[in-house]
Amino acid sequence: MTDASVPLPALESEAEFKDFIALLKPRVMVLVVFTAFVGLMAAPAQLHPFLALVAILCIATGGGAAGALNMWWDADIDKIMKRTQKRPIPSGKVTPDEAKIIGFALSGFSIVMLGLATNFYAAALLAFTIFFYIAIYTVWLKRATPQNIVIGGAAGAFPPMIGWAAVTGTVSFESVLMFALVFMWTPPHFWALALFTRTDYDNAEVPMLTVTHGRKSTRQHIVVYTVLLAVLGGATMLSSLNGPIYIVSAVLLNTRFMFGAVKIWRRNEEDSEWDNFLVERQFFRFSLFYLFALFSAILADSILSRVGVWGWV
Amino acid sequence: MSFRPDHEIHKRRFGRNLGIGLVLTTLVALIFGMTVVKITEGNITSAIAGNQSSD
């Protein structure tokens, strides 16, 4: 009898390689990679292109590792929420232990590699980002306070700062501004999502603002944070990131973003139910475009400045 | 003598092993490339210490 004749156990749920990739939250990784790349390019020095590539890969891997650890810890609520039910752990394709091991292994790997490729200052920032996302946000704040998104948003805001530190070995006013832009952008982005995926967070008993303070208050919070984001966008014009493309983009994007936030604020639940949260969905989609466009503007200015087009910047 | 076609589970495992193989190959290439860059930049001490500063 050969092993080919041995009946195989029912392993329908055995993971494929793509399930392990899904564990690293590739869509979030796109944002991490892009903002880190902008931070790296906007820095007032240059890194060898190969080392820059390694740095970006390490930051992406660190972000993915944090995503895997987040899925390991949140497997219980991911099973309840519609939006997350198909993730690798709730769908039974990857076990929580596998996710935990992959998360910790990739965390260690990415931190050490980033330190060796660039400097240990950037590596320490990456380590702190992973720690912040897992220990402070996932384990502590997410289920404890409605301000979870506000404070937890810091974890997603660190990548441009890490990119900048990878080149310069320091933190500067400009890198803090890039951090602050992503930090201030996160709450309106997620609260808009919470408005139209309302029952999900209720069922999972995650204290989102919509659950604890009500939907009207969430709409008010969106406006307040959008205004603060616009102010910050204006403050960035006072830094060395104030290229012409950034200035024009920031004015247009913030005007459009505030317009959307005010529309959300002026609506009531009946209006939203009537058109199935059309305005909230549009605001959420625009928020994604907003961040990519704003950072693209910073990137474009830094490239044009390097090639001498914006000589006066 | 004929071989039985692979069970679907074997295909899945092959895909997984192939993926891990590619990841490991990339890792080797990255470390090799990093070493070459650090050495050609004439910065072996920094390569070991992981610093950017030149001697």
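This is a short dialogue on reading domains, cavities, pockets and salt bridges in a predicted model.

Q: Which conventions apply to this model?
A: It is predicted, so local features need pLDDT of at least 70 and side-chain atom pairs count only at pLDDT 80 or more, whereas totals for chains, interfaces and linings use all residues. Residues are numbered from 1 along each chain as its sequence is written, chains are lettered from A and ligands numbered from 1 in the order in which they are written, and side-chain values use heavy atoms, with hydrogens and water left out.

Q: Where do the domains of chain A lie?
A: Domain bounds come from an automatic or database domain assignment. Here the assignment gives domain 1 (16-170) and domain 2 (172-313) of chain A, with C-alpha centres 21 Å apart.

Q: What area do domain 1 and domain 2 of chain A bury between them?
A: The size of an interface is often given as the accessible area lost when the parts come together. With a 1.4 Å probe and summed over both parts, domain 1 and domain 2 of chain A bury about 3,000 Å², 76% of it on carbon and sulfur atoms. Contact (heavy atoms within 4.5 Å) joins 37 residues of domain 1 to 36 residues of domain 2 in chain A.

Q: How many salt bridges are there over all chains?
A: A salt bridge is a side-chain nitrogen of Lys or Arg within 4 Å of a carboxyl oxygen of Asp or Glu. The count is 10 over all chains, and 0 between domain 1 and domain 2 of chain A. R143(A) and D74(A) form a salt bridge at 2.8 Å, N to O. This pair links distant parts of the chain, 69 residues apart, with R143(A) in the loop between α6 (120-141) and α7 (148-168) and D74(A) in the loop between α3 and α4 (75-78) of chain A.

Q: Which residues line the largest cavity?
A: On a 1 Å grid over the protein atoms alone, a cavity is a set of points where a 1.4 Å probe fits but cannot get out; a pocket is an open set with protein on both sides within 12 Å along at least five of seven lines, and lining residues have an atom within 4 Å of a point. The largest cavity is lined by R256(A), G260(A), K263(A), V279(A), Q282(A) and F283(A). Its volume, the space filled by probe spheres set on the points, is about 40 Å³.

Q: Which residues lie nearest the centre of the second largest pocket?
A: They are F17(A), L24(A), T61(A), L106(A) and V23(B), from a lining of 21 residues. The second largest pocket has a volume of about 800 Å³.

Terms used. Buried area = accessible area lost by both parts, 1.4 Å probe. Helix = DSSP H or I, 4+ residues; strand = E, 2+ residues; numbered from the N terminus.
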